[in-house]
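Thanks for making the time this morning. I would like to walk you through one model, going from a helix to the interior and then to a pocket, so please have the structure open as I talk.

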Amino acid sequence: MNPNPSSNLTRSREAADSRALATLKIDVIADLVCPWCWLGKRQLDDALLAVRGPTRLSWYPFRINPGVAGSGMRFRDYLASRFGDAEAFESGLEDLILAGKAEGISFRFERLSTIPDTLGAHRLLKLAEADGAALSTVAESLFRGYLEEGLDLADHDVLLELGRRTGLSAARLKRSLADETSRQLVLSQDAQIRKSGLTGVPNFLVNKRLFVIGAQSTEALVNVFDRAMFGEESDRPVSTVLH
């Protein structure tokens, strides 16, 4: 029998205090027209609410349709190139719609005519980060604009409107979208991520220690957060169950 039962309670309180004070640093690698990325982002939001600690988020670009012409690529052509016959991708869309409903997302794939290059959308996120805006809120606006409203994220007027909805300065956003420096920053980060060997999104790097591949459940993400900050296995690569 423990001669000092209060010591366990003291240790528990100390652990809770440490958990409350620790800062999660999460690098989100995603694209803003990717439905799985929106699902992953919603699950990340839920996981962060569950741990209730201070968090520092950074977003990094991985454009799923880079280098296309200004008008983008026809949505159905893109699906056919990625997933084969119509029956296969229609089934995939139905699965996404069901998964979206579970996260409060209403995917409206019938509104999508093209898959645009998201260079400008990522530049908007970089401006939001530089201005100290809530990146999660800005990303949410971009995801919803495309995947629910069917807006063209390659259109700078659309980006100005979506930025305005989240309180970004229209004048600063116009300058950023015309600035070659912001363009090169996104292109450079996108290229660096591709050179690392990643071929899909979303991905999450937690405290520069654990790498989560793909959209994961809230429970799985909370487990990763615990391992990254406090777990004995926090120096190991992410478990295969998260691939």
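**Two helices, a core and a pocket**

Let me begin with helix H8, residues 170-178, where Leu173, Ser176 and Leu177 are buried. These three cover an arc of only 95° around the axis, and therefore they sit on the same side of H8. As a reminder, an α-helix has 3.6 residues a turn, so residues three or four places apart point the same way. On the other side of H8 we find Lys174, Arg175 and Ala178, which are exposed. I should say here that this is a predicted model, so please take what follows as a description of a prediction.

What covers the buried residues of H8? Among the elements that do so are H5, H7 and helix H9, the last of these spanning 180-195.

Helix H6, residues 135-147, gives us another picture: this helix has 13 residues and reaches 18 Å from its first C-alpha to its last, close to the 18 Å expected at 1.5 Å a residue. H6 is mostly covered, with 10 of its 13 residues buried, and the buried ones include Glu140 and Ser141 as well as Leu142, Phe143 and Tyr146. The cover over these buried residues includes helix H2 (35-51), strand S2 (55-61), helix H3 (75-83), strand S4 (114-115), helix H5 (119-130) and helix H7 (156-165).

Leu142 of H6 brings us to the largest nonpolar core, which has 61 residues, and in which Leu32, Trp59, Leu142, Leu153 and Phe225 touch the most other members. If we set aside residues up to four places away in sequence, Leu153 touches, among others, Leu32, Leu142, Tyr146 and Leu162, and also Pro116 and Asp117.

Now please find Ile29, which lies in strand S1, residues 24-30. Is Ile29 buried or exposed? With a relative accessible area of 8%, Ile29 is buried, because the cut-off for that label is under 20%. Beyond its neighbours within four places in sequence, Ile29 is in contact with Tyr60, Phe62, Ile193, Leu198, Val201, Pro202, Asn203 and Phe211. Of these partners, Leu198 is 169 residues away from Ile29 in sequence, yet the two are 9.8 Å apart in space, C-alpha to C-alpha.

Finally, the largest pocket has a volume of about 430 Å³. Its lining is made by 23 residues, with Pro35, Trp36, Tyr78, Arg82 and Phe83 nearest its centre, and the elements giving two or more residues to that lining are H2, H3 and helix H4 (86-102).

Conventions: Residues numbered from 1 in each chain as written. Predicted model: local features only at pLDDT ≥ 70, side-chain atom pairs only at ≥ 80, totals over all residues. Heavy atoms only, no water. Helix = DSSP H or I, 4+ residues; strand = E, 2+ residues; numbered from the N terminus. Expected span 1.5 Å × (residues − 1). Buried < 20%, exposed > 50% of the residue type's maximum accessible area, 1.4 Å probe, protein only. Contact = heavy atoms within 4.5 Å. Core = buried A, V, L, I, M, F, W, Y, C linked by side-chain atoms within 4.5 Å. Arc of directions from axis to C-beta. 1 Å grid on protein atoms, 1.4 Å probe; cavity = no way out; pocket = protein on both sides within 12 Å on 5 of 7 lines; lining within 4 Å. Points joined across faces, edges and corners; volume = space filled by probe spheres on them.
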